[in-house]
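This note is intended for a colleague who is meeting the structure for the first time. It takes one residue as its point of entry and then widens to the chain as a whole.

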Amino acid sequence: MKRMLCALVVGLRTGTGWAQGEVRLGLLEIKGAPTEAPSPFAWLIGSDQAPTLRDITESIEEATTSGDYDAVVIRLKDATLGMSHVEELAAAIRAGRDAGTPVYLFAEMYRTTDLMLGASVDKVF
């Protein structure tokens with residue numbers, strides 16, 4: 001499975017300048033509709049194959065439970081999520097929040113299912 005998270009290091013700005021600490025922020029971007037299973041010809045196409053729902057949920061669980069990140073941001077970029085997708089993603093998010101990692105959701109525009117997913121995160125932007 002290819003690594004789906006992009007790590008960002010953000011300096012904390014204080015009133016007198018940059019703080020000494022750094023925040024390790026994981027970013028996961030979901031585009032389009034997650035597939036339920038890989039294409040039967042995925043081995044011919046190569047690594048440009050869209051991630052499956054399982055790939056995404058495993059990435060969320062890994063990022064939130066590994067301790068590598070202080071927080072995780074999930075960005076929905078023209079994501080087309082069905083109710084079954086939302087239920088699976090919300091379960092992975094809850095597991096991460098139970099582990100103590102804050103999870104945030106960001107999108108330019110929210111559909112109904114996106115807002116339902118937003119009910120399982122710490123904050124929606």
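1. Residue I74 lies in strand β3. The model is a predicted one, and the remarks below should be read accordingly.

2. Is I74 buried or exposed? Its relative accessible area is 1%. Since the limit for a buried residue is under 20%, I74 counts as buried.

3. Leaving aside residues up to four places away in sequence, I74 is in contact with L28, I30, I60, I93, V103, Y104, L105 and F106. A further distance may help with orientation: the C-alpha atoms of I74 and G118 are 10.0 Å apart, with their positions 44 residues apart in sequence.

4. Which residues touch the most other members of the largest nonpolar core? They are I60, I74, L76, L89 and L117, in a core of 22 residues. At least two core residues come from each of β2 (17–32), α2 (53–65), β3 (71–79), α3 (83–98) and β4 (103–107). The greatest contribution is that of α3, which provides five residues. In soluble globular proteins, nonpolar side chains tend to be buried together.

5. L117 deserves its own entry. Residues up to four places away in sequence again being set aside, L117 touches L76, L81, V86, L89, A90, I93 and L105. I93 is thus among the contacts of L117 and also among those of I74.

6. Helix α2 comprises 13 residues, and the distance from its first C-alpha to its last is 18 Å, close to the 18 Å expected at 1.5 Å a residue. Its buried residues are L53, I56, T57, S59, I60, A63 and T64. Viewed down the axis of α2, these buried residues fall within an arc of 155 degrees, and they therefore line one face of the helix. An α-helix has 3.6 residues a turn, so residues three or four places apart point the same way. Just after α2, G67 adopts a positive phi of about 85 degrees.

7. How many helices and strands does the chain have? There are four helices and five strands, and along the sequence they follow the pattern β-β-α-α-β-α-β-α-β.

8. Some totals complete the description. The chain has 125 residues, of which 34% count as buried. Among contacts with a separation of 6 or more, 66% are between residues 24 or more positions apart. The exposed area of the chain is about 7,500 Å², with carbon and sulfur atoms supplying 55% of it.

Key: Residues are numbered from 1 along each chain as its sequence is written. This is a predicted model: local features need pLDDT of at least 70, side-chain atom pairs count only at pLDDT 80 or more; totals for chains, interfaces and linings use all residues. Side-chain values use heavy atoms; hydrogens and water are left out. A nonpolar core is a set of buried Ala, Val, Leu, Ile, Met, Phe, Trp, Tyr and Cys residues joined through side-chain atoms within 4.5 Å. Buried means under 20% relative accessible area, exposed over 50%, partly exposed in between (1.4 Å probe, protein chains only). Contact means heavy atoms within 4.5 Å. Accessible areas come from the Shrake-Rupley method with a 1.4 Å probe; for residues, only the protein chains shown count as cover. The expected span of a helix is 1.5 Å times one less than its number of residues. The arc is that of the directions from the helix axis to the C-beta atoms.
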